[in-house]
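Please look through the structure below, and then follow the report that comes after it.

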Amino acid sequence: MAIASASRRSLFALAAAGGLAGCSAPIRGPAVPRERTGAATVLGMPNERFFIMSRAGLDALDAEFVAAGERMRRHLALAARAPLPPINLLSISGGGENGAFGAGLLCGWTERGDRPVFNLVTGVSTGALSAPFAFVGPSYDAQLRAVYTQLSPDDILESRSLLHAALFADGLADTSPLFRTISRMLDDALIAEIARGHREGRLLLVGTTNLDAQVPVIWNIGAIAASGHPDAANLIRRVLLASASIPGAFPPVMFDVTVDGEARQEMHVDGGAFAQAFLYPAALGERRQQRVRSGVAARDVEAYIIRNARLDPDWAMVERRTLGIAGRAISTMIATSGYNDVLRMWANTQRDGIGYNLAFIGSDFTQELPSPFDQAYMRALFDYGFAQGRRGYDWAHRPPI
């Protein structure tokens, strides 16, 4: 879940404190060959996911955006040349427990009364857990609130001993509880609502990292939900688990795929291993510009980015110990990656004529996280975000320097 830097070391300590269990090392199936990465499929759907590091993947995602516009036109019964309504985009970043900020902001925004319907919602890591609720809208605010104010560590993980994890396992903790939690939250009713939103011409996209190929994967959650495939619900839940699976701390999620008629297996981890947040690939923005230059009217677009973290440096005196130094370096890289993501999105939106609105945890929130998934901390952060959303968040229109 792209755990907040302040809690990363304590999470590892929590996971390492469990007893030794079972000594059979995990096994995996054969990986997809490098040159066939983009050809692998889980459900056999051509638009179930997109490999955006390839031209073919970008073309497929571009086609999905166009198809969404056509679905919206049919849903609204608009004539072929009638203009489509303005677009609202929402990107929810990783941040572990700090996802309570974004959840509170969205719920407070509902209370204010001017929260828009989002045409596109993207999520990574903890943002992937929030994204389905943000996508279906305010009717699921109570469930979104519960995710970040009622869960405990027992709802997330089962600890393993450090020795067992190092020698026989694929993560310091077992995330079976998290999968059960996700399955309970993403019940059939919610998945049906996601499918309805997709048919209306809106998109819900979640990012994971294909660790074998070292590439990001964007999963088309709405299309999967609307497919009617008998394994669609289970796949969606597993994608959300994968997007929240911190490499090393949590086990990866293995996806059984088919490529060229052969059974293969992919290893996926936290989408934050590649990016903490995303809106759309830069190439799609370039195509928007091309359409404008060719005389095609561009729709008004507003992008809202919720960064579930602070953006100012988190000062701390670092212990002169191996684990302390390594942990601090990792948290620094995560924080820098998150800042670079909001900077990249700002540059793309400015180039493409899209409104940019950024929310993040301010320096005025001073409560410290005492332990992973501490309920008191998460409730306080939810209330902080809720209060700002209810009074009207003062969105930043460029990343703070």
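Where is Gly113 found? In this predicted model, Gly113 sits in the loop between helix 3, which spans residues 99-112, and strand 3. With a relative accessibility of 62%, Gly113 counts as exposed, because the cut-off for that word is over 50%. Gly113 and Gly392 are 279 residues apart along the chain, and their C-alpha atoms are separated by 9.7 Å.

**The chain as a whole**

The protein chain is made up of 13 helices and 11 strands. It has 401 residues, of which 53% count as buried. If one takes the contacts in the protein chain with a separation of 6 or more, 77% of them are accounted for by residues 24 or more positions apart.

**Two residues with a positive phi**

Most residues other than glycine have a negative phi. Against that background, two residues of this chain deserve a careful look, and the table gives the phi value of each.

| Residue | Phi |
|---|---|
| Ser125 | about 60° |
| Phe373 | near 55° |

Ser125 is not a glycine, and yet its phi is positive. Ser125 belongs to the loop that lies between strand 3 (120-124) and helix 4 (126-136), and it is buried, with a relative accessible area of 0%. Phe373, likewise a residue other than glycine with a positive phi, lies in the loop between strand 11 (355-361) and helix 13 (375-391). Its relative accessible area is 3%, and Phe373 is therefore buried, because buried means under 20%.

**Helix 4 against helix 8**

Helix 4, which follows the loop that holds Ser125, packs with helix 8 (residues 188-199) at an angle of about 60°, and the axes of the two helices are 9 Å apart. This angle makes helix 4 oblique to helix 8, and the crossing in which helix 4 passes helix 8 is left-handed. On the side of helix 4, the contact is made by Pro132, Phe133, Phe135 and Val136, while helix 8 brings Leu190, Glu193, Ile194, Gly197 and His198. Sorted by their character, the residues of this contact between helix 4 and helix 8 are 6 nonpolar, 2 polar and 1 charged.

**Helix 7 against helix 10**

How do helix 7 and helix 10 lie, and at roughly what angle do their axes cross? The axes of helix 7 (residues 176-185) and helix 10 (residues 232-243) come within 10 Å and cross at roughly 130°, and the two helices are therefore oblique to each other. Helix 7 passes helix 10 in a crossing that is right-handed. In this contact, Leu178, Phe179, Ile182 and Ser183 of helix 7 meet Asn234, Arg237, Arg238, Leu240 and Leu241 of helix 10. The residues of the contact of helix 7 with helix 10 comprise 5 nonpolar, 2 polar and 2 charged.

Which residues of helix 7 are buried? They are Pro177, Leu178, Thr181, Ile182 and Met185. Because these residues cover an arc of only 135° around the axis, they are on the same side of helix 7. Leu178 and Ile182, which are among these buried residues, are also among the residues of helix 7 that meet helix 10.

Key:
Residues numbered from 1 in each chain as written. Predicted model: local features only at pLDDT ≥ 70, side-chain atom pairs only at ≥ 80, totals over all residues. Heavy atoms only, no water. Axes fitted to C-alpha atoms, helices over the stretch in contact; angles between N-to-C directions. Helix = DSSP H or I, 4+ residues; strand = E, 2+ residues; numbered from the N terminus. Parallel < 35°, antiparallel > 145°, perpendicular 65-115°, else oblique. Left-handed = near helix turned anticlockwise from the far one by under 90°. Contact = heavy atoms within 4.5 Å. Nonpolar A, V, L, I, M, F, W, Y, C, P; charged D, E, K, R; others polar. Buried < 20%, exposed > 50% of the residue type's maximum accessible area, 1.4 Å probe, protein only. Arc of directions from axis to C-beta.
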